[in-house]
Amino acid sequence: MRVFICVDMEGISGVTTFEETMAGKADYEYFRRQMHKETNAAIKGALQAGATRIVVRDGHDSACNLLPEELCVEAELIRNWSGGLYGMMEGLDDTFDAVVFVGHHAKANTPHGVLKHTMSMKVNDLRVNGLSLPEIGWNALIAGYHGVPVVFVSGDHAVCEQAQALFENVVTVPVKEGRGLAALHRHPEKMRMFIEDGVKKALLERSGCKPFVLGDEYTVEIEFNSEPPAYRGEWYPGAVRTGNCTLQYSSLDFMDCLRFFEFVT
Ligand SMILES: [Zn+2]
């Protein structure tokens, strides 16, 4: 069993402000340690479920937050942005059996979401075939393209609710809940136990999970939070301007949509 673990930082236990996720800022190193610990909890859960290959993808900011030495020896680690289309899912291919998301956040504008946003800070909403998606939904489509299901998500309460609404039989571990700009946190040590147990359970029961696909044809609509990126994106071949701040693109092949998204955001 091959497991792909995509790790973000906004949804790690305790993280409340963007500053805490920025290299060089005062508390970054503390929260980076929490990021390592929660990733290791997920790795341990995967090992207990019988994983034979575990690839960890650092998906936050520079994508160079996780250090190889700090992870369990069984894991491999993908660092930095490749420049290609796969972004937070770089390294994923058909050989994997399951995707695990650790430390993720809700989509932009979600009530009670902690550090909510959708991929780029320029995006107000991202819709695929009319369905508004969080980052994990978009990344799950990349996994779905390769026939790989999402089995587990940890992060804030709101992203866990969004995951439950999108992915059948997904196991979720909510580590905190937003209150405006504040957040109510559960204890990190307890959350690590929940993540370890949750990933193990999710992988053992993964036969109930299906790859995330949204039909045979894809229509992607990006709503920017300002007008200039919509103007610029209009120059992308096949892109259609559907509003002051919105762009639309359709294709039978999700890879075309991924290319569109990467080039216009
Ligand atoms: Zn992030």
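A nonpolar core is a set of buried Ala, Val, Leu, Ile, Met, Phe, Trp, Tyr and Cys residues joined through C-beta atoms within 7 Å. Here a residue is buried if 20 or more other C-beta atoms lie within 10 Å of its own, exposed if 12 or fewer, and partly exposed in between, with C-beta atoms placed from the backbone. The model you are looking at is predicted: local features need pLDDT of at least 70, side-chain atom pairs count only at pLDDT 80 or more, and totals for chains, interfaces and linings use all residues. Residues are numbered from 1 along each chain as its sequence is written.

Let us start inside. The largest nonpolar core holds 75 residues, and Ile5, Val99, Val100, Val150 and Val151 touch the most other members. At least three residues of this core come from each of domain 1 (2–111 + 135–208) and domain 2 (218–264); the domain bounds come from an automatic or database domain assignment. Leaving aside neighbours within four places in sequence, Val100 is in contact (C-beta atoms, placed from the backbone, within 7 Å) with Val3, Ile5, Ala42, Val151, Phe152 and Val199.

Now to the two domains. The protein chain is divided into domain 1 and domain 2, and their centres, taken over C-alpha atoms, are 27 Å apart. Their contact takes 4 residues from domain 1 and 5 residues from domain 2. On the side of domain 1 that touches domain 2, there are 4 nonpolar, no polar and no charged residues. Ala, Val, Leu, Ile, Met, Phe, Trp, Tyr, Cys and Pro count as nonpolar, Asp, Glu, Lys and Arg as charged, and the others, Gly among them, as polar.

Strand S7 (residues 150–156) is a good next stop, as 7 of its 7 residues are buried. Strands (E, at least two residues) and helices (H or I, at least four) are DSSP runs, numbered from the N terminus. Strands pair if DSSP finds at least two bridges between them, and the table gives the pairings of S7.

| Strand paired with S7 | Sense | Bridges | A bridge pair |
|---|---|---|---|
| S4 (residues 98–104) | parallel | 4 bridges | Phe101 and Val153 |
| S8 (residues 171–179) | parallel | 5 bridges | Ser154 and Val173 |

From S7, the chain passes through helix H3 (residues 157–166) to S8 in a right-handed β-α-β crossover: with the strands pointing away from the viewer, the path from the first strand over the helix to the second runs clockwise.

Finally, look for Gly59 in the loop between strand S2 (53–58) and strand S3 (75–78). Gly59 counts as buried because 25 other C-beta atoms lie within 10 Å.

Conventions
Contact = placed C-beta atoms within 7 Å.
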